[in-house]
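Reader: Could you walk me through how the labels on this one were arrived at? I'd like the reasoning behind each.

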Amino acid sequence: MINITQLEVHTHEGRALVQPFDFHLKKGEIVGIFGESGSGKTISTQAMLNLLPSALVSRSIKKIVEDRNLDMLSPREYRKLIGLDVGYIPQNTTEFLHPLVKIKHQMLEGYVTHQCGTKKQGLKRATELLELVGLNNPKKILNGYVFELSGGMRQRVNIALSLMTKPRIIILDEPTTALDSITEHEVMEFFKNINQEEGVSLILITHNMKLIEKYTDRAYVFYQGEMVETNDTKMLFSEPYHPHTRALVQVTHGEEVR
Ligand SMILES: Nc1ncnc2c1ncn2[C@@H]1O[C@H](COP(=O)(O)OP(=O)(O)OP(=O)(O)O)[C@@H](O)[C@H]1O
């Protein structure tokens with residue numbers, strides 16, 4: 001589904017932020033991207049999908065998403081591929097939703113643009129998804145604005161929004177940092193279900209090793225702008241190779257770090 005070789009990120013001035021690394025994601029897999037704050041998880045994932053902010057640049061030898069070379073697509077083909085097949089649940093739920101546009105228009109936008117169905121069908125799907133993520137007055141939410149929602153509700157709306165186009169890959173960037181009423185466990189179980197029932201692949205970006213251990217099949221460990229280790233999650237925890245990973249595993253398992 002995703003196959004990337006030697007991806008690196010730097011500033012326009014040439015300051016390296018992420019050293020070259022390889023990444024792949026298979027159908028139905030849950031892959032973790034682990035690292036402490038500032039280690040490069042978010043910008044690496046954004047770079048994989050050409051979603052970096054304009055201040056940053058990436059380079060790679062190969063960037064294949066769903067059998068397409070991302071760098072060879074026209075803007076229209078790119079929007080179709082990324083807009084339709086990839087759902088992104090951002091870290092910052094406040095900035096992601098537009099403050100001045102009604103929630104329903106935001107939820108319908110991608111659905112209608114990518115011709116997933118009519119406006120009426122889109123509204124039906126939006127209503128169902130808002131209910132699915134545990135919001136009990138979907139009509140009111142659809143007709144309201146983001147400022148009327150709490151942090152937890154915004155996160156639920158983001159989750160519903162990311163599912164509107166039935167994506168095949170979902171990226172969860174620290175899905176549990178901005179939450180109040182919604183718990184870590186709830187979010188992860190919800191996506192685990194979607195993964196198992198619909199074969200959707202997940203990329204989980206987190207600084208919580210416990211989430212990595214419990215939910216992922218494979219993981220990548222980032223440390224100070226470098227991908228220092230990758231392995232099947234079981235192996236990563238039973239035989240960590242890099243000293244940083246070893247220390248993390250010990251801390252996660254409540255052992256003393258030597
Ligand atoms: N627009 C930008 N311009 C310059 N540097 C940036 C920019 N965005 C991020 N960086 C730098 O890139 C590095 C990696 O940032 P990134 O957001 O990927 O970290 P992260 O591992 O996701 O951390 P966190 O969990 O805190 O979000 C950091 O040193 C950060 O300061």
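Author: Sure, starting with Gln224, which sits in the loop between strand S10 (218–223) and strand S11 (226–232); strands are DSSP runs of E, at least two residues, and helices are runs of H or I, at least four, numbered from the N terminus. This is a predicted model, where local features need pLDDT of at least 70, side-chain atom pairs count only at pLDDT 80 or more, and totals for chains, interfaces and linings use all residues. Residues are numbered from 1 along each chain as its sequence is written.

Reader: Why is Gln224 called partly exposed?

Author: A residue is buried if 20 or more other C-beta atoms lie within 10 Å of its own, exposed if 12 or fewer, and partly exposed in between, with C-beta atoms placed from the backbone. Gln224 has 13 within 10 Å, so partly exposed it is.

Reader: What makes the phi of Gln224 worth a remark?

Author: Its phi is positive, about 45°, although Gln224 is not a glycine. Most residues other than glycine have a negative phi.

Reader: And why does Glu66 count as partly exposed?

Author: Glu66 has 16 C-beta neighbours inside 10 Å, so it gets that label. Glu66 lies in the loop between strand S5 (62–65) and strand S6 (68–69), and its phi is positive too, near 50°.

Reader: How do you know that S7 and S8 pair?

Author: Pairing takes at least two bridges found by DSSP between two strands. S7 and strand S8 (residues 169–173) have four, in the parallel sense, so they qualify. Gly87, for one, has Ile170 in S8 as its bridge partner.
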